[in-house]
Amino acid sequence: MQTYISTGTCDSEDCLIIMVRATVYVGCTVPQLLRGAQSRIFPSHSLLGVLRHSAFPYCTGNGTIKSKRKMDHLERTANNFRQEVITQAKVCGITNESETVKRLRLAISNKDFTFKAGQWVDFFIPGVSVVGGFSICSSPGLLEQEGILELAVKHTVHPPAHWIHTECTLDSEVALRVGDLHGYQEGKGNRHKLGTAKLYYSAKNTSELLFKKNILGLMKAFPGKITCCFHVTQQRSQICKELQPHITEGRISEKDLEKHVSNDTSWYICGPPPMIESISKLLTNIGVPRNRVFFEKWW
């Protein structure tokens, strides 16, 4: 069983936990412009390879996360290999997923640009010296069929995110480079055998539960295989009937997770440091071995 605890666009109130029971080979997903500016913004070299396992560290012995000064995206992911391709992209759609999250729709013209589900991109903006790092929220199929890639970006003071929320417009041009191949080897027969997945997803209110319709759709498409429990911590309005059976008020608790502990369960955490530290300690308390708990070095 694999348990995935992740928040791609969360703040300290948001938390997403996915538990998956599946037979998966290690290394599969768990799931141009700037021509004149390239020398200023792009690193002088690009790397091709696969994600080093160190990018998904185990929690420490006491379940805490230790860090010194806050590093930027390129520093934090310096040991992660990248694809060689840096491609131009044009913004062709901007929508509000919630009050704090925008979905960015990007048109990709480079046919050599590809990615696997679960990967992220280095995000280069003309005139902005800081490089962003955002998880891709669309499927590889959308890129193959329509040449479109989508990002969901939460508003923060970080320059790339701030630019997306305050300056980005339709037809804005940026550049992208995919990172994190996570040991994937094309043609080696890596395949998933679908087991069961349990998702715990927490936010302040239902409007901040991003992609909830997609998640409910997956539950209907794979009954008994994929289930979800949404948690809300500051809900003020009435919850719609479709969501009501899946909503719990309050944070994700030890009681919620302890029923899923087993020898074949792996737990994956993604979110802001306070959330990662809290969930890591919680998992330690309920007897989950440290080497079964993984989280991204992202924030």
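In strand E8, the bridge partner of Val121 is Val178. I start with that pair since it leads into strand E5, the main topic today. Before going on: this is a predicted model.

Strand E5 covers residues 120-125. E5 and E8, the latter being residues 173-179, pair in the antiparallel sense, and five bridges join them. E5 has a second neighbour, strand E6, at residues 128-135. That pairing is also antiparallel and also runs over five bridges. In it, Ile125 of E5 stands opposite Val128 of E6. E5 and E6 form a hairpin, with two residues between the strands. Gly127 sits in that turn and has a positive phi of about 85°.

Now the two sides of E5. In a regular strand the side chains alternate between the two faces of the sheet. Here, Trp120, Asp122 and Phe124 point one way, while Val121, Phe123 and Ile125 point the other way. Are these residues buried or exposed? They are all buried. Since six of the six residues of E5 are buried, the strand is largely enclosed by the rest of the structure.

Take one residue from each side. Asp122 lies in E5, and its relative accessible area is 0%, so it counts as buried; the cut-off is under 20%. What does Asp122 touch, leaving aside residues up to four places away in sequence? The contacts are His73, Leu74, Arg82, Val131, Gly132, Ala175, Leu176 and Arg177.

From the other side, take Phe123. Phe123 is buried too, with a relative accessible area of 0%. Its ring brings us to the aromatic pairs. A search of the whole structure finds three of them. In one, the ring centres of Phe123 and Phe134 are 5.4 Å apart and the planes are at 75°, so this pair is edge-to-face. It links distant parts of the chain, with Phe123 in E5 and Phe134 in E6, 11 residues apart. Phe134, like Phe123, is buried. Phe123 also forms an aromatic pair with Trp163, this one tilted, at 6.4 Å centre to centre and 55° between the planes. Trp163 belongs to helix H4, residues 159-166, and the two partners are 40 residues apart along the chain. Ring pairs thus link Phe123, Phe134 and Trp163 into a cluster.

Trp163 is buried as well, at a relative accessible area of 9%. In H4 it is one of several buried residues, alongside Pro160, Ala161, Ile164 and His165. What covers them? The cover includes E5, E6 and E8, and also strand E4 at 101-108 and strand E7 at 148-154.

One more ring, before I move along the chain. The charged end of Lys198 sits over the ring of Tyr200, at 5.3 Å from the ring centre.

Next, strand E12, residues 266-269. Both of its faces are covered: Ser266 and Tyr268 on one side, Trp267 and Ile269 on the other, all buried. E12 and strand E13, residues 293-295, pair in the parallel sense over three bridges. Ile269 stands opposite Phe295 in E13.

The loop between helix H6, at 254-258, and E12 holds Val261. Val261 counts as partly exposed, at 30% relative accessibility. Leaving out residues up to four places away in sequence, Val261 touches Trp267, Ile286 and Val288. The C-alpha atoms of Val261 and Gly287 are separated by 7.7 Å, although the two residues are 26 apart along the chain.

Gly287 follows helix H7 and has a positive phi, near 90°. That leaves H7 itself, residues 273-285. Does its length agree or disagree with what 13 residues should span? At 1.5 Å a residue the helix should span 18 Å, and its end C-alpha atoms are 18 Å apart, which agrees. The buried residues of H7 are Met275, Ile276, Ile279, Ser280, Leu282 and Leu283. Looking down the axis of H7, these fall within an arc of 160°, so they line one face of the helix. On the other side, Pro274 and Asn285 are exposed.

To recap: E5 pairs with E6 and with E8, and Phe123 is joined by ring pairs to Phe134 and Trp163. H7, by contrast, has buried residues along one face and exposed residues on the other side.

Definitions and conventions
Residues numbered from 1 in each chain as written. Predicted model: local features only at pLDDT ≥ 70, side-chain atom pairs only at ≥ 80, totals over all residues. Heavy atoms only, no water. Helix = DSSP H or I, 4+ residues; strand = E, 2+ residues; numbered from the N terminus. Expected span 1.5 Å × (residues − 1). Buried < 20%, exposed > 50% of the residue type's maximum accessible area, 1.4 Å probe, protein only. Arc of directions from axis to C-beta. Pairing = 2+ DSSP bridges. Phe/Tyr/Trp six-rings, centres within 6.5 Å; stacked < 30°, edge-to-face > 60°. Lys NZ or Arg CZ within 6 Å of the ring centre and 35° of its normal. Contact = heavy atoms within 4.5 Å.
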